[in-house]
Amino acid sequence: MAALDDDVARVSHELPLRANLSALDNIALIPLYQRHFSAAESARQAMGLLERLGHADIASLRDPDMTPAQRFVTKLARALILKRPRLVIDRPGAML
């Protein structure tokens with residue numbers, strides 16, 4: 001997994017969430033820091049993605065409060081918001 005190209009978004013147990021941040025904030029970090037969007041726009045994009053995935057209800061949960069499935073959805077959303085052409089899910093069964 002470590003040797004993947006830059007055009008690949010990863011979902012992996014090796015890429016942990018920030019435990020002190022909510023699911024929404026973990027996802028919003030991507031556009032905030034990589035694309036230099038404002039905090040409000042980053043949060044709007046993150047919430048829109050959670051809504052499209054059918055999991056808007058987990059937006060306020062922090063990592064320790066999530067089920068494995070909720071943690072997976074958060075990691076998936078974090079990878080999808082990168083908007084890279086390829087998505088690789090490393091050992092999905094191990095994360096659920």
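User: Under which cut-offs does a residue count as buried, exposed or partly exposed, and where does Arg 10 fall?
Analyst: Buried means under 20% relative accessible area, exposed means over 50%, and partly exposed lies in between. The model is predicted. Arg 10 has a relative accessible area of 22%, so the class of Arg 10 is partly exposed.

User: Which residue meets the side chain of Arg 10 in a salt bridge?
Analyst: Side chains of opposite charge can pair when their charged atoms come close. For Arg 10 the N to O distance is 3.2 Å, and the partner is Glu 14.

User: Which of the two classes, exposed or partly exposed, fits Arg 44?
Analyst: Arg 44 forms a salt bridge with Glu 41, with the closest N and O atoms 2.6 Å apart. Both residues lie in helix α2, three residues apart, about one turn of the helix. Glu 41 has 23% relative accessibility and so counts as partly exposed. Arg 44 has 52% relative accessibility, so Arg 44 counts as exposed.

User: What is the N to O distance in the salt bridge of Asp 65 and Arg 62?
Analyst: Asp 65 is partly exposed because its relative accessibility is 47%. Arg 62, with a relative accessible area of 35%, is therefore partly exposed. Their side chains meet in a salt bridge with an N to O distance of 4.0 Å.

User: Which residues make a nonpolar surface patch with Leu 87?
Analyst: Leu 87 sits in strand β2, residues 86-89. Its relative accessibility is 39%, so Leu 87 counts as partly exposed. The patch covers about 210 Å², and the residues joining Leu 87 in it are Leu 80 and Ile 89.

Methods: Residues are numbered from 1 along each chain as its sequence is written. This is a predicted model: local features need pLDDT of at least 70, side-chain atom pairs count only at pLDDT 80 or more; totals for chains, interfaces and linings use all residues. Side-chain values use heavy atoms; hydrogens and water are left out. Patches are made of residues with over 30% relative accessible area and no salt bridge: like charges are joined within 9 Å, nonpolar side chains (Val, Leu, Ile, Met, Phe, Trp, Tyr) within 5 Å. Accessible areas come from the Shrake-Rupley method with a 1.4 Å probe; for residues, only the protein chains shown count as cover. Helices (H or I, at least four residues) and strands (E, at least two) are DSSP runs, numbered from the N terminus. Buried means under 20% relative accessible area, exposed over 50%, partly exposed in between (1.4 Å probe, protein chains only).
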